[in-house]
Amino acid sequence: MFIVNTDYITGKEFEMLGLVKGSTIQTKNVGRDITQSFKTLVGGELTAYNEMMNEARALATKRMVQEAEALGADAIVNVRYASSAIMQGAAEVIAYGTAVKYI
């Protein structure tokens with residue numbers, strides 16, 4: 001599956017199949033949440049949350065690709081990511097784009 005954040009793929013013509021998306025809501029365990037809250041006192045990168053968000057983006061992307069494959073897509077164009085806080089220490093990540101089939 002070819003995934004791009006542009007609305008074209010150089011050298012390819014395609015027909016649009018429709019919007020595809022994948023999402024997940026992730027949280028860290030309480031122990032990690034507490035240790036990361038102490039980090040806010042001294043500053044710096046919150047590595048546990050960074051890892052959590054990377055895992056969430058990967059899972060959302062995987063689910064978006066699965067939805068595109070179910071439509072028979074060859075690629076996904078104009079891919080975007082969005083995230084939002086659901087509650088303290090939990091975030092939703094959504095990946096979405098347009099599934100296309102080469103012609």
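## Report on a four-stranded mixed sheet

In this predicted model, 4 strands make up an open sheet with mixed pairing, in the order 1-3-4-2. At its edges are strand 1 (2–3) and strand 2 (14–27), each of which pairs on one side only. Helices (H or I, at least four residues) and strands (E, at least two) are DSSP runs, numbered from the N terminus. Two strands count as paired if DSSP finds at least two bridges between them.

The model is predicted, so local features are restricted to pLDDT of at least 70 and side-chain atom pairs to pLDDT 80 or more, while totals for chains, interfaces and linings use all residues. Residues are numbered from 1 along each chain as its sequence is written, and side-chain values use heavy atoms, with hydrogens and water left out.

### Strand pairing

Strands of a sheet pair through backbone hydrogen bonds, either parallel or antiparallel. Strand 2 and strand 4 run antiparallel and are joined by 13 bridges; within strand 4, Tyr 96 is the residue opposite Lys 21. Strand 3 (residues 75–87) and strand 4 (residues 90–102) are also antiparallel, with 10 bridges between them. These two strands form a hairpin with 2 residues between them, and Gly 89 in the turn has a positive phi of about 80°. Strand 1 pairs with strand 3 in the parallel sense, over 2 bridges.

Some residues of strand 3 and their opposite numbers in strand 4 are tabulated here.

| Residue | Partner in strand 4 |
|---|---|
| Ala 75 | Val 100 |
| Ala 85 | Ala 91 |
| Met 87 | Ala 90 |

In the parallel pairing, Ile 3 stands opposite Ile 76 in strand 3.

Asn 78 lies in strand 3. Its phi is near 55°, a positive value in a residue other than glycine. Most residues other than glycine have a negative phi, and most peptide bonds are trans. Asn 78 is partly exposed, with a relative accessible area of 32%. On this scale, buried means under 20% relative accessible area, exposed over 50%, and partly exposed in between (1.4 Å probe, protein chains only).

### Helix 2 and the sheet

Helix 2 (residues 47–70) packs on the sheet and touches strand 1, strand 2, strand 3 and strand 4. Its direction makes about 145° with that of strand 2; axes are lines fitted to C-alpha atoms, for helices over the stretch in contact, and angles run from 0 to 180 degrees between N-to-C directions. Contact means heavy atoms within 4.5 Å.

Thr 61 is found in helix 2 and is buried, with a relative accessible area of 16%. Leaving aside neighbours within four places in sequence, Thr 61 is in contact with Ile 3, Tyr 81 and Ala 95. With Tyr 81 there is also a polar contact of 2.6 Å between the side chains. A polar contact is a pair of N or O atoms within 3.5 Å; within protein, one must be able to donate a hydrogen and the other to accept it, and residues adjacent in sequence count only if both atoms are side-chain atoms.

Val 65, also in helix 2, counts as buried at 14% relative accessibility. Outside its neighbours within four places in sequence, Val 65 is in contact with Met 1, Ile 3 and Ile 76. Val 65 and Lys 21 are 44 residues apart in sequence, and their C-alpha atoms are 8.0 Å apart in space.

### Thr 24 and Lys 12

Thr 24 is found in strand 2 and counts as buried at 7% relative accessibility. Beyond its neighbours within four places in sequence, its contacts include Ala 56, Leu 59, Ala 60 and Arg 63, as well as Ala 91, Glu 92 and Val 93. The side chains of Thr 24 and Gln 26 are joined by a polar contact of 3.0 Å.

Lys 12 lies over the face of Tyr 102, at 4.7 Å from the ring centre. A charge sits over a ring if NZ of Lys or CZ of Arg is within 6 Å of the ring centre and within 35 degrees of the ring normal.
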